[in-house]
Amino acid sequence: MMDRRAVLGLGGAVAVGTLLAPGIRLLAAPQPSSSSVPNKTEALATQRWAMLIDVNKCSADCSSCIAACREENHVPMFGDADRDIHWIRKVELRDRERRKPTLSLPALCNHCEHPPCVHVCPTGASFIRKDGLVLIDEHRCIGCRYCIIACPYKSRSLVYFSTQMPIGGNPKIPIRAKGVVEKCTFCVHRIDEGLQPACVEACSRSGGGAMLFGDLNDPKTEISQRVKMLRTEVMREDLGLKPHVHYQGL
Amino acid sequence: MMRLREVALYRIILMAVVGVLCLMDNMPVWAMGAAVPQLQPAQDKPCVRDPAWMRRNHPEFLRQKRDLTVREGVRVRNESLARCATCHQDRAQFCDRCHQYAGVDPNCFTCHNYVHTP
């Protein structure tokens with residue numbers, strides 16, 4: 001008899017515990033880490049992230065943006081030109097008719113206003129975030145590669161091989177599982193912390209300072225003023241995709 | 001008379017047993033006395049939600065966080081997937097051990113790093 005009472009008593013205690021528990025937090029959430037980044041940040045629909053590249057400041061022998069991108073995002077190289085992943089690359093531009101000197105410039109995802117990659121994605125993995133970033137939700141990507149074909153800028157790559165965390169690799173960036181598509185994110189994890197993309201930072205630190213990044217919707221930012229005042233161009237404007245990577249001095 | 005009382009008693013016992021069984025659903029695994037895996041105790045307190053709630057609902061919690069973070073751009077840093085490792089240090093002795101016991105195999109860690117950073 002005593003035993004049974006004890007069991008019932010225990011049952012009652014557990015019942016109270018579970019009634020209190022779901023949804024109700026008796027204890028405060030742990031405090032954020034000591035860094036200056038607020039614990040909670042949110043993308044704003046009023047923002048429109050964009051880049052401006054001053055081609056005259058970009059030299060053919062500099063590739064610090066690419067190196068910085070590879071390091072920040074540990075973008076894998078498999079040693080196979082067909083399978084290597086590129087988030088940003090240097091391209092050479094030759095205008096034979098007008099006999100202008102060859103230009104060297106970085107090309108990366110344009111984060112278009114009307115991205116064809118998003119349009120063709122069958123699972124909704126490719127999407128436009130509130131603040132204009134075109135991103136891939138890798139959790140939904142099935143690796144069909146429609147987007148790779150749809151992108152006129154060749155900005156996307158399929159991950160052919162799984163990777164391990166490189167020594168000293170950035171822990172904020174997940175490693176790769178094969179069978180998903182990836183591309184430049186404008187370093188979304190850095191933007192969300194109020195930082196510039198790694199390529200832009202590297203370009204101003206050890207490159208020619210050719211890259212400028214900011215909010216195009218904010219009239220106070222340097223990029224919005226320069227895009228408004230200077231003659232800037234985008235790649236393949238005729239396609240009507242409204243890219244958000246602008247070039248100056250083409 | 002005797003029989004009626006006996007029946008009533010048995011009924012109460014039955015209800016009690018059913019009640020306890022129902023409650024066991026929400027009990028910590030160790031309280032059920034089954035041969036459950038020993039999980040590594042957390043290094044710090046408290047969990048991002050009530051532990052009993054987390055035991056049942058962490059898959060849903062993580063999925064919701066995932067969509068909120070990736071698609072809506074809302075980052076809550078002390079509740080991110082990476083942060084679980086600050087308290088649940090060793091994945092093999094916490095997440096994996098329980099998942100093996102439960103027979104589930106989430107593929108999250110083919111991509112996500114689970115590194116303990118104190």
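**Briefing: chain B layout, and the core and helix packing of chain A**

Read from the N terminus, chain B goes α-α-β-α-α. Keep in mind that this is a predicted model. Over in chain A, the largest nonpolar core has 42 residues, and helix H2 (64-72) is one of the elements that feed it.

**Chain B in brief**

- The count for chain B is 4 helices and 1 strand.
- Of the 118 residues in chain B, 22% are buried.
- Take the contacts in chain B with a separation of 6 or more: 67% of them link residues 24 or more positions apart.
- Chain B shows an accessible surface of about 8,200 Å², and carbon and sulfur atoms hold 60% of that area.

**The nonpolar cores**

- In the 42-residue core, the residues with the most contacts inside it are Met51(A), Ile88(A), Leu108(A), Phe186(A) and Met211(A).
- Strands E2 (49-54), E4 (103-108), E6 (134-136), E9 (211-215) and E11 (245-248) of chain A each give two or more residues to this core.
- Helices H2 (64-72), H5 (188-191) and H6 (198-206) of chain A also each put in two or more.
- Leaving aside residues up to four places away in sequence, Ile88(A) touches Cys65(A), Ile66(A) and Cys69(A), along with Pro106(A), Ala107(A), Leu108(A), Cys199(A) and Met211(A).
- There's also a second, separate core of 5 residues, and among them are Ala50(A), Leu52(A), Leu212(A) and Ile223(A).

**Helix H2 of chain A**

- H2(A) is mostly covered, with 7 of its 9 residues buried.
- Those buried residues are Ser64(A), Cys65(A), Ile66(A), Ala68(A), Cys69(A), Arg70(A) and Glu72(A), so you'll find charged side chains such as Arg70(A) and Glu72(A) listed next to the cysteines.- The buried residues of H2(A) pack against strand E3 (88-93), E4, H5, H6 and E9 of chain A.
- Just after H2(A), His74(A) takes a positive phi of about 25 degrees.

**How H2 meets H6 in chain A**

- The axes of H2(A) and H6(A) lie 8 Å apart, and the two helices pack at an angle of about 135 degrees.
- H2(A) and H6(A) are therefore oblique to each other.
- The crossing in which H2(A) passes H6(A) is right-handed.
- On the H2(A) side, the residues that meet H6(A) are Ser64(A), Cys65(A), Ala68(A) and Glu72(A).
- Their partners in H6(A) are Ala198(A), Cys199(A), Ala202(A), Cys203(A) and Ser206(A).

Terms used. Residues numbered from 1 in each chain as written. Chains lettered and ligands numbered in written order. Predicted model: local features only at pLDDT ≥ 70, side-chain atom pairs only at ≥ 80, totals over all residues. Heavy atoms only, no water. Core = buried A, V, L, I, M, F, W, Y, C linked by side-chain atoms within 4.5 Å. Buried < 20%, exposed > 50% of the residue type's maximum accessible area, 1.4 Å probe, protein only. Contact = heavy atoms within 4.5 Å. Areas by Shrake-Rupley, 256 points an atom, 1.4 Å probe, with all protein chains shown as cover. Axes fitted to C-alpha atoms, helices over the stretch in contact; angles between N-to-C directions. Parallel < 35°, antiparallel > 145°, perpendicular 65-115°, else oblique. Left-handed = near helix turned anticlockwise from the far one by under 90°.
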